[in-house]
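Hi there,

Here is the structure I promised to pass on. Have a look at it first, and my notes follow below.

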Amino acid sequence: MIYLRNIPDDELFSAQLELLMQHGRIASMMANLIGAIAAMALLWPYFEPQSLLLWGFGLMILLLLRSLYMSGALADRRYVSRPKRVFWLLILGSAVTGLAWSGTYIYVGQFLPPTLQYLLLLIVVMISAISLAVMVVVREYFLVFVFSALWPIAWWCLAHFWDQPHNLLLGILLLALTGLLVAASNGIHDTFRRMLSLNWQQEAMARELGQITNSLRDRNLQLQEARRQLTDLANIDELTGLGNRRLVNQTLREEVNRARRSHGWLSVVLIDVDFFKKYNDTYGHPAGDEVLRRIGDIMQRATARAGEVAARYGGEEFILVLPGAKAADALRTAERLKRLVYEENIPHSASEVSDRISISQGVLSIMPDEDVDPGVLVDRADAALYTAKREGRDQIAVV
Ligand SMILES: Nc1nc2c(ncn2[C@@H]2O[C@H](COP(=O)(O)OP(=O)(O)OP(=O)(O)O)[C@@H](O)[C@H]2O)c(=O)[nH]1
């Protein structure tokens, strides 16, 4: 049953980290990089090139380390196996980067004319604003950056309000901007969480639908198998394991049609155990069953060719359907069967024709040129069988 569930907290947390690293990695690196290049261009006339290059190099190493760590954590899915550790390391990276920017501003600000100071501050503010879009999926990550980059500058400006005429205003503006960014981050962060949650629900539903489809397919296969087994059972005689009358009728219908189309021969041999009632009376019904089973085995051995069907027609009567067999072929098969039954040597002291179980057979061979009902074929074979019985049993009669 499909039902809506909420994403578990730990899965949501891992999904947030994954999203942050997947999308925030390149964006935040690029924002910081561009900021660093712009800052270096601004500061170039006021500082030694070596010091500036060293600063830029240091910042780049820091960004590279962060990016490499994120790639590694994404590759081995550390955000799932150890999300807390990944979280704290990301926070640390964010704090160090933020502090690098605020430290830079506070240190170099005193050597710059006010206009350039404002430009440098603008760079830091821009990086913070860009970060809002990409980092806020993990709110703490964003907040740590904002508070480590903008707050120290704001408080420094307030603390040094007498140094420059605009420091007081800058400090207040920065505090207000920080507040604004924090407020904006709440809404965006919640949207991200909802989006992740919805995504998770969709995936869960798709998974469940897939499972239901699979189980329906399995059920269907089981039903088909059950239907096949039922059909088999409906066509099989329980006692002997041979086909039953139903199968014979079906086979005869098909074979008559085939023989008509190909102008071929079709033979039917009807077999009856001699004095079987007496056998039952003498040896008991279970022994009679055993005889029928053994004759069933013999019939299976006697019908080795493809398309030939041996079946129990009912009671102690058996039938052979021999497609393509002319009268002579069918007679040969009947004689073989007779010999096999004789060789089986099942004692039958009450038989009037032999000291063992014997069979009478009626053979019918036709080349059908019109649709013949299976019942008619069997009746004609039965007539031949009756002849065999009448003429003394343990023999074969052909029509
Ligand atoms: N043990 C056993 N006997 C069965 C089964 N089906 C039918 N019979 C018996 O087979 C006997 C058939 O007897 P009849 O039709 O009189 O024929 P018969 O005794 O073989 O005599 P002829 O056919 O004239 O040689 C009956 O006694 C049935 O009870 C079966 O599944 N098991």
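How many helices and strands make up the secondary structure of the protein chain? There are 12 helices and 5 strands. Please keep in mind that this is a predicted model. The protein chain has 399 residues, and 31% of them are buried. Taking contacts between residues at least 6 apart in sequence, 71% join residues at least 24 apart.

You will probably want to look at the ligand next. The shell around the ligand holds 17 residues, and those that come nearest are Phe 276, Lys 277, Gly 288, Gly 315 and Glu 316. Strand 1 (266–273), helix 9 (276–283) and helix 10 (285–302) each give two or more residues to that shell. By type, the shell has 8 charged, 5 nonpolar and 4 polar residues.

I also spent some time on helix 12, residues 374–390. At 1.5 Å a residue, its 17 residues should span 24 Å, and because the end C-alpha atoms are 24 Å apart, the two values agree. Which residues of helix 12 are buried? They are Leu 377, Val 378, Ala 381, Ala 384, Leu 385 and Ala 388. These six cover an arc of only 115 degrees around the axis, so they sit on the same side of helix 12. On the other side, Gly 375, Val 376, Asp 379 and Arg 390 are exposed.

The buried residues of helix 12 pack against helix 8 (245–262), strand 1, strand 4 (359–366) and strand 5 (396–398). After helix 12 comes Gly 392, with a positive phi near 125 degrees.

Happy browsing, and best wishes!

Note on methods:
Residues are numbered from 1 along each chain as its sequence is written. This is a predicted model: local features need pLDDT of at least 70, side-chain atom pairs count only at pLDDT 80 or more; totals for chains, interfaces and linings use all residues. A residue is near a molecule or strand if its C-beta atom, placed from the backbone, lies within 6 Å of it. Helices (H or I, at least four residues) and strands (E, at least two) are DSSP runs, numbered from the N terminus. Ala, Val, Leu, Ile, Met, Phe, Trp, Tyr, Cys and Pro count as nonpolar, Asp, Glu, Lys and Arg as charged, and the others, Gly among them, as polar. The expected span of a helix is 1.5 Å times one less than its number of residues. A residue is buried if 20 or more other C-beta atoms lie within 10 Å of its own, exposed if 12 or fewer, and partly exposed in between; C-beta atoms are placed from the backbone. The arc is that of the directions from the helix axis to the C-beta atoms. Two residues are in contact if their C-beta atoms, placed from the backbone, lie within 7 Å.
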